[in-house]
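Reader: Hey, I've got a protein open on my screen and I'm not sure where to begin. Can you walk me through it?

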Amino acid sequence: MGHLSNDEFFTKLVELFDQRKGKDHGSIILVQKRLSHDQPLPEATSDTIFPDLHPPRPMPVLIRATNAKGKERRQDKIKISTVVEPESLPAFFERYADVCKAGMATLKPRDRSKRKGKAKKKKGVATTS
């Protein structure tokens, strides 16, 4: 599957969050990484030990999202990705943050009451000893 345009990516990302909205469990994985396969990197010198930290020109960013289905349910797995050019990064991340905040607000928070109860129980036992 090829990369989607930025607008198509946002549409699919909203759909991904909406599919997850009413369920009790599951995950959505979001990944961001720079896309450097088209650029030759300068050689390491004594001044620049990590030359890839200072590329000759800005690199695009690859954004991926998936619903994290495992091997047994691979046919249900949804994978989307887009490439964002350096000059459009600020506008993209502004919209990306809005979409992610709206999508995560509808997700069910994890139940941490069991973990807190165990921690309080351990703390109470430790102070009485």
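Author: Sure. Let's start with one residue: Thr82 is found in strand β3. Keep in mind that this is a predicted model.

Reader: Okay, is Thr82 buried or exposed?

Author: Thr82 counts as buried, because its relative accessibility is 0% and the cut-off for buried is under 20%.

Reader: What does the side chain of Thr82 make a polar contact with?

Author: With the side chain of Asn6, at 2.8 Å.

Reader: And which residues is Thr82 in contact with, leaving aside neighbours within four places in sequence?

Author: His3, Leu4, Ser5, Asn6, Phe9, Val61, Leu62, Ile63 and Phe92.

Reader: Let's follow Phe92. What does Phe92 touch, not counting residues up to four places away?

Author: Phe92 touches Thr82, as well as Asn6, Phe9, Phe10, Ile63 and Val84. Phe92 also belongs to the largest nonpolar core, which has 16 residues. Within that core, Phe92 is one of the residues that touch the most other members, along with Phe9, Leu13, Ile63 and Tyr96.

Reader: Which elements each supply at least two residues of this core?

Author: Two helices, α1 (6-20) and α2 (89-105), and two strands, β2 (61-66) and β3 (79-84). As a general point, nonpolar side chains in soluble globular proteins tend to be buried together.

Reader: Tell me about α2. Which of its residues are buried?

Author: Leu89, Phe92, Tyr96, Val99, Cys100 and Gly103. They sit on the same side of α2, because they cover an arc of only 100° around the axis.

Reader: What's the general idea behind that?

Author: An α-helix has 3.6 residues a turn, so residues three or four places apart point the same way.

Reader: What covers the buried residues of α2?

Author: The cover includes α1, β1 (29-34), β2 and β3.

Reader: And which exposed residues are on the face turned away from the buried side?

Author: That face of α2 carries Pro90, Ala91, Glu94, Lys101 and Ala105.

Reader: How does the span of α2 work out?

Author: It agrees with expectation: at 1.5 Å a residue, its 17 residues should span 24 Å, and the end C-alpha atoms are 24 Å apart.

Reader: Zooming out, what's the pattern of the protein chain along the sequence?

Author: It follows α-β-β-β-α-α, which comes to three helices and three strands.

Reader: How much of the protein chain counts as buried?

Author: 22% of its 129 residues. The protein chain exposes about 10,000 Å², with carbon and sulfur atoms supplying 55% of that.

Technical notes
Residues numbered from 1 in each chain as written. Predicted model: local features only at pLDDT ≥ 70, side-chain atom pairs only at ≥ 80, totals over all residues. Heavy atoms only, no water. Helix = DSSP H or I, 4+ residues; strand = E, 2+ residues; numbered from the N terminus. Buried < 20%, exposed > 50% of the residue type's maximum accessible area, 1.4 Å probe, protein only. Areas by Shrake-Rupley, 256 points an atom, 1.4 Å probe, with all protein chains shown as cover. Core = buried A, V, L, I, M, F, W, Y, C linked by side-chain atoms within 4.5 Å. Contact = heavy atoms within 4.5 Å. Polar contact = N/O pair within 3.5 Å; in protein donor to acceptor, adjacent residues only side chain to side chain. Expected span 1.5 Å × (residues − 1). Arc of directions from axis to C-beta.
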